[in-house]
Amino acid sequence: MSLEWISLLLLLQLSCYFSPGSAGKVLVWPTEYSHWINMKTILDELVQRGHEVSVLTSSASILVDPNKPSAIKFEIYPSSYTKHEYEGIFRKIIDDLIHLPKEPVWEHFSLMQGVIWDYSDSILKLCKDVVLNKKLVRKLQESKFDLVLADAVGPCGELLAELLKIPLMYSLRFVPGHKIEKYSGGLPFPPSYVPVVMSELSDQMTFMERVKNMLYLFSENYLVYSHYKTLISLTFLMRKAEMWLVRNYWDFEFPHPVLPHFEFIGGYHCKPQIISSQEIEEFAQSSGENGIVVFSLGSMVSNMTEERANVIASALAQIPQKVRYSKTRYLRANTRLYEWIPQSDLLGHPKTKAFITHGGANGIYEAIYHGIPMVGIPLFADQPDNVAHMKTKGAAVRLDFSSMSSTDLLNALKTVMHDPSYKENAMKLSRIQHDQPMKPLDRAVFWIEFVMRHKRAKHLRPASHDLNWFQYHSLDVIGFLLASTAVFVTTKCCLFHCWKFAKTGKKEKGSSYS
């Protein structure tokens with residue numbers, strides 16, 4: 001076959017692949033900070049594959065920036081909040097989470113309850129700004145979207161899907177305070193070996209740890225059922241989701257039961273290392289054989305006390321490695337400070353020896369992807385749990401931010417860099433992450449396209465969604481069997497006594513005749 005014919009066939013195939021008929025229209029209900037960063041990775045891939053993506057974003061949005069050049073479309077709606085007010089709400093929530101006590105369990109969940117409802121109230125207010133905007137709703141209905149993609153941590157996507165009468169899909173890591181995956185998605189979590197999220201337990205629990213896990217479960221259930229009337233409508237709508245794309249994977253998560261409409265896509269944002277600037281490469285190469293250490297406390301922590309900053313700087317000054325550091329001052333000669341660093345590229349650099357992290361899921365997965373051992377200094381939310389997972393898997397050492405000393409940080413760094421087991425375990429997790437039949441991002445996009453092609457995915461929906469809690473736990477069946485047993489035993493006892501009475505009566509009657 002001639003080169004011209006081969007070129008023509010390729011062009012025909014490409015034109016079919018990207019034809020307007022095969023492209024879908026996706027409406028997105030996003031949330032802020034790392035949640036938006038995560039979701040945007042999927043959205044960019046959808047656009048690359050010819051789909052039309054529209055993001056509903058409020059005028060008060062913190063991180064979603066419609067002014068940046070992008071193939072993604074943005075539908076901006078007026079918000080009840082100013083940008084300053086909205087950011088202030090998030091800052092207060094973050095501060096409350098940082099100072100949330102872990103013990104006792106009841107106090108922890110009681111305070112967590114307040115934080116969750118503060119957050120939910122702020123999101124629901126934005127939701128009202130959308131659904132009560134008749135002009136906007138009419139425009140969305142006329143746009144004929146094929147799918148709503150929402151982050152389950154921010155309620156409203158399910159309501160939009162109902163209003164537009166189109167399928168709903170979720171992207172989520174988990175929902176703090178109560179397991180939406182459990183109560184709305186139907187995912188089973190046996191407490192005997194599946195630790196409650198944010199309990200910081202592993203799947204290998206001692207008796208007392210199982211007691212703690214059960215207390216966490218009771219407290220979690222209390223959070224849900226104490227607001228049953230408020231949550232029941234939302235839970236009912238969330239059960240209609242066709243697919244749940246969970247930003248997790250088995251290199252990070254402990255094994256537990258799953259359902260067919262849950263797809264684990266953890267690490268989908270990770271990419272091979274790219275040298276993004278000559279400055280980065282010069283800094284890395286100048287470290288010689290000692291290599292570099294990457295240190296980041298993430299985008300949501302903007303300040304720390306001078307005392308804590310000095311503790312960190314003092315420890316970093318005592319190691320021979322050079323350090324790329326974000327978010328603090330008081331540094332020594334071997335440490336370079338940046339407001340932002342290309343974290344993934346640095347973690348993938350051959351010179352990188354360790355990663356000091358606050359334990360955000362994105363950073364954890366980037367370290368797993370590149371096989372870098374970690375020193376975890378968690379601050380709030382899921383971060384302590386994330387670091388606990390890495391510690392259990394032998395890829396991290398954990399420190400407490402408020403109480404650690406310079407010596408503690410220095411020793412932790414030396415441990416993960418000089419004890420070969422930490423590097424070996426990190427590389428083991430990395431091999432698991434890379435050894436998949438399909439890349440996580442491709443898997444996420446496949447299921448989004450699947451739902452758009454077939455309009456729904458009801459064949460994956462478990463029958464448990466049609467049962468109430470009484471039926472789900474077979475309490476009605478158990479009650480029936482117990483009642484039947486009681487009736488059977490009572491009947492047998494009565495018959496036995498009647499038979500015995502009758503027999504005794506005959507004997508007495510026979511003896512009187514004699």
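## Rings, charges and a covered helix

With a relative accessible area of 8%, F264 is buried because the cut-off for that label is under 20%. Keep in mind as you look around that this is a predicted model.

F264 is a good way into the aromatic side of the story. There are 13 aromatic pairs in the structure. In one of them, W250 and F264 are stacked, with 4.7 Å from centre to centre and 15 degrees between the planes. Where do the two partners of this pair lie? W250 lies in the loop between β6 (243–246) and β7 (262–264), while F264 is in strand β7, so the pair ties together parts that are 14 residues apart in sequence. W250 counts as partly exposed, at 32% relative accessibility.

Now compare another pair. F446 and W447 meet edge-to-face, with 5.1 Å between centres and 75 degrees between the planes. F446 counts as partly exposed at 31% relative accessibility, whereas W447 is buried at 15%.

W447 also belongs to helix α17. This helix covers residues 440–454, so take a moment to trace it. Its 15 residues reach 21 Å from the first C-alpha to the last, close to the 21 Å expected at 1.5 Å a residue. Is α17 mostly covered or mostly open? Mostly covered: 11 of its 15 residues are buried. Among them are P440, R443, E449 and M452. Right after the helix comes K455, which has a positive phi near 70 degrees.

Back to rings for a moment. Y33, Y81, Y86, F90 and Y119 make up one aromatic cluster. One of these, Y81, has company: the charged end of K125 sits over its ring, 4.6 Å from the centre. K25 does something similar, lying over the face of F145 at 5.4 Å from the ring centre. K25 is also part of a salt-bridge network with E52 and K73.

That brings us to the charges. The structure holds 15 salt bridges. In one of them, the side chains of K139 and E75 meet at 3.0 Å, N to O. K139 lies in helix α5 (residues 134–142) and E75 in strand β3 (residues 73–77), so this pair ties together parts 64 residues apart in sequence.

Next, D382 bridges to R173, with the closest N and O atoms 3.8 Å apart. Here the link joins distant parts of the chain: D382 is in the loop between β12 (374–376) and α14 (383–392), R173 is in the loop between β5 (168–172) and α7 (180–183), and they are 209 residues apart.

Then there's E200 with R398, where the closest N and O atoms are 2.4 Å apart. This pair links distant parts too: E200 is in the loop between α7 and α8, and R398 is in strand β13 (residues 396–398), 198 residues away.

How covered are these charged residues?

| Residue | Relative accessibility | Label |
|---|---|---|
| K139 | 42% | partly exposed |
| D382 | 13% | buried |
| R173 | 11% | buried |
| E200 | 23% | partly exposed |
| R398 | 30% | partly exposed |

Finally, take a look at the surface. W106, F207, M208, V211, M214, L215 and F218 form a nonpolar patch there, with about 700 Å² of accessible area together. Which helix gives the most to the nonpolar patch? Helix α8 (residues 207–225), with 6 residues. M214 lies in this helix, and at 30% relative accessibility M214 counts as partly exposed.

Notes: Residues numbered from 1 in each chain as written. Predicted model: local features only at pLDDT ≥ 70, side-chain atom pairs only at ≥ 80, totals over all residues. Heavy atoms only, no water. Patch = residues over 30% accessible without salt bridge, like charges linked within 9 Å, V, L, I, M, F, W, Y side chains within 5 Å. Areas by Shrake-Rupley, 256 points an atom, 1.4 Å probe, with all protein chains shown as cover. Salt bridge = Lys/Arg side-chain N within 4 Å of Asp/Glu carboxyl O. Helix = DSSP H or I, 4+ residues; strand = E, 2+ residues; numbered from the N terminus. Buried < 20%, exposed > 50% of the residue type's maximum accessible area, 1.4 Å probe, protein only. Phe/Tyr/Trp six-rings, centres within 6.5 Å; stacked < 30°, edge-to-face > 60°. Lys NZ or Arg CZ within 6 Å of the ring centre and 35° of its normal. Expected span 1.5 Å × (residues − 1).
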